[in-house]
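Colleague: Please take a close look at the aromatic side chains of this protein, and then explain how their surroundings are built. A first-year student should be able to follow the account step by step.

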Amino acid sequence: MCGIVGIVGRNDATEVLLNGLEKLEYRGYDSAGIYVSQGLNKGSLVKVKGKIADLRAAVHQEDVGNIGIGHTRWATHGQPSKANAHPQSSADGRFYLVHNGVLENYESLKAQYLNDIKLQSQTDTEVAVNLVATLVQKEKMSVLAAWQKMVQLVKGSYAFVLIDRENPQQLYVAKNKSPLLIGTGATFNGVCSDSLALLNVTNSFIELHDGDTAVISSQEIKIFGQKNEAVKRKTYSVTLNQDDLGKGTYPYYMLKEINEQPAVLRFLEKTYLNETGKAVFDSRLLDQLAQAEKIYFVAAGTSYHAGLVGKALIEKLAQIPVSVELASEFGYHLPILAKNPFFIFLSQSGETADSRQVLLKIKKLGYPSLTITNVDHSTLSREADFTVLLHAGPEIAVASTKAYTAQITVVALLAQALRQKLDPDVINFDLKQQLSLAANGIQTLIDQQELIEQLAKDYFSKTRNAFYIGRGQDYYASREAALKLKEISYIQTEGFAAGELKHGTISLIELGTPVIALITDPETADLTRGNLKEVEARGAHTLTIASENLAQSKDQIIVPQIDPLLSPLLTVIPAQLLAYFATIQRGYNVDQPRNLAKSVTVE
Ligand code: M6R
């Protein structure tokens, strides 16, 4: 939520900021702004309601400088507008601040310190920047002291970057709960919410910890810990292919990412399976997992749906009970936990605030944890005991696609490793072969885009609502299929347990309501077909996605044969494509659906 970038020591600061914001746009896209300085007390503030393309268009030739800050916003306090866009400035015009996060006590701080100031926006950020100005003016503090005092006064989450017009050679930085990195170069330094923002100028980054503040000039980086003591933080390199960051020849990132799935699966198979088909992970991780009486998956959204599929994989393959928990609920309503619990955090971004609050709680209780994530060095990765990477490459479209199939694949590999550890003689699940079938099957489905585009037109061009139904793994895949359709096409869609419809929800079925059934499990196929008949009798417009061995002549989409445990890897593909085409046909932006952001760093 919200993307921040700052740079000092580059004559092309404006371009670095705009380029960085384009890379961060997935984090929020309702308004944006930059401040660049042309020297003492001279600078340009450009803000727009809209996207980075609108910001770029609003920037003039004279808006240049060698230091600046930029922000792309996902509104929390105050609607998307130019006044609420960042940077926010202090009433005296001296300080400019960008912020990602939520300040819980901004109203009381305003009442206590800023009675004489008329605020121009509805943001919590404007309170923070005016606090710094007030502490400097009235309490005669140095800017650094005021900065560190402000950070102590605010409660909540923040990644902050500030510029002082009276000393425009340095950036003041602070971080708590929201992600922020320092990017380093020989003659410049920068700061950003995600390394993607500065990757075209550096691949060397320093991680900041919660409670850190920093002062960054072109030549020097000073970092301070929670008690304002000087600290050193770890430097690391990011090796990402620049090609991964663009759309290539695809019209949308989502389509590119859907198409990348066969390659991601093959890469995961090569990475985590050796030549003999043995799944290879850190032996200390497997030791701890094997001792667990119960494994808890904690996640949100699509990652939660991947956890639901993962539960059956671990329970069937490794015979360890699994519970799948919504992070936003679990942390505040901890159930009675099993003895020796082990926690697995599933998170594409590794930054989700809901998941992180659970991780912090269970760490305090002394329980072991693993983060399965797509982003190395992300917060959840750094803070868990173990990390396993998804290796899916950057996922930029808000609607998650390749991260979901990568998560299921990695959990399957982990389940296989556990099974091999707990019962080395029993290897009757040929995961290598299954993953190869899955990768080929995904490609076969992607190649049916024309058919799926037509089905999207037939089923979704006019409807207000829709249902996906299934049983077992098909039900869990239905949950993800429904999320895909609703989040980008705005068709109200539910993923439902097929047998549960008749217990109430079937009353929503009207003439023409699309009901899409996923059928891949021989044990329940007939039952789900029976449920389809029930909704057809009430006027539903039904569509069937069935596996080869269970297909009937009228089924519209046939998915290649695979073990039913892994069928969501295939059934989700037509669902992703149906969502994609329905959204295009309805005239919406596939990659940037309204009200959403990719990385959800507020609770
Ligand atoms: O980065 P995470 O996997 O932790 O994100 C959790 C959810 O916000 C995310 O999966 C979201 O539901 C998807 N982007 C929706 O497609």
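**Aromatic rings and their surroundings**

Modeller: One aromatic cluster is formed by W147, Y158, F160 and Y172. The model in which these rings appear is a predicted one. The number of aromatic pairs comes to 15. Among them is the pair of Y35 and Y96, whose ring centres lie 3.9 Å apart with their planes at 10 degrees; planes under 30 degrees apart count as stacked, so this pair is stacked. This pair also links distant parts of the chain, since Y35 belongs to strand β2 (residues 31-39) and Y96 to strand β6 (residues 95-103), with their positions 61 residues apart in sequence.

Are the two stacked tyrosines, Y35 and Y96, buried or exposed? Y35 has a relative accessible area of 0%, and it is therefore buried. Y96 has a relative accessibility of 8%; the limit for a buried residue is under 20%, so Y96 counts as buried too.

The next topic is the nonpolar interior. In soluble globular proteins, nonpolar side chains tend to be buried together. The largest nonpolar core of this model has 125 residues, and I295, I372 and F460 are the members that touch the most others. A second core, separate from that one, holds 31 residues, including L119, V132, V143 and F224.

F460 brings the account back to an aromatic side chain. When neighbours within four places in sequence are left aside, F460 is in contact with L455, A466, L485, I491, P514, I516, L578, A582 and R586. One of these partners, A466, is also touched by E494. The other residues that E494 touches, again not counting those up to four places away in sequence, are F467, Y468, A482, T505 and L508. E494 itself is part of strand β21 (residues 492-497). Its relative accessible area is 33%, and it is therefore partly exposed. A separation of 23 Å lies between the C-alpha atoms of E494 and L445, which are 49 residues apart along the chain.

Helix packing may be considered next. How do helix α8 and helix α13 lie with respect to each other? Helix α8 (residues 283-291) packs against helix α13 (residues 402-422) at an angle of about 75 degrees, and their axes are 10 Å apart. Angles of 65 to 115 degrees count as roughly perpendicular, and the two helices are therefore placed in that class. On the side of α8, the contact is made by L285, L286, D287, L289 and A290, while α13 contributes L414, A417, L418, K421 and L422. By type, the residues of this contact comprise 8 nonpolar and 2 charged, with no polar ones.

Finally, some details of the backbone deserve attention. Most residues other than glycine have a negative phi, and most peptide bonds are trans. The bond that joins H86 and P87 is cis, with omega at about 5 degrees. P87 is located in the loop between β4 (67-73) and β5 (88-89). Two histidines have a positive phi: the value is near 70 degrees for H377 and near 50 degrees for H391. H377 sits in the loop between β18 (369-373) and α12 (379-383), whereas H391 is in the loop between β19 (386-389) and α13. With a relative accessible area of 32%, H391 is partly exposed.

Technical notes:
Residues are numbered from 1 along each chain as its sequence is written. This is a predicted model: local features need pLDDT of at least 70, side-chain atom pairs count only at pLDDT 80 or more; totals for chains, interfaces and linings use all residues. Side-chain values use heavy atoms; hydrogens and water are left out. Axes are lines fitted to C-alpha atoms, for helices over the stretch in contact, and angles run from 0 to 180 degrees between N-to-C directions. Helices (H or I, at least four residues) and strands (E, at least two) are DSSP runs, numbered from the N terminus. Angles under 35 degrees count as roughly parallel, over 145 as roughly antiparallel, 65 to 115 as roughly perpendicular and the rest as oblique. Contact means heavy atoms within 4.5 Å. Ala, Val, Leu, Ile, Met, Phe, Trp, Tyr, Cys and Pro count as nonpolar, Asp, Glu, Lys and Arg as charged, and the others, Gly among them, as polar. A nonpolar core is a set of buried Ala, Val, Leu, Ile, Met, Phe, Trp, Tyr and Cys residues joined through side-chain atoms within 4.5 Å. Buried means under 20% relative accessible area, exposed over 50%, partly exposed in between (1.4 Å probe, protein chains only). Rings of Phe, Tyr and Trp (its six-membered ring) pair if their centres lie within 6.5 Å; planes under 30 degrees apart count as stacked, over 60 as edge-to-face and the rest as tilted.
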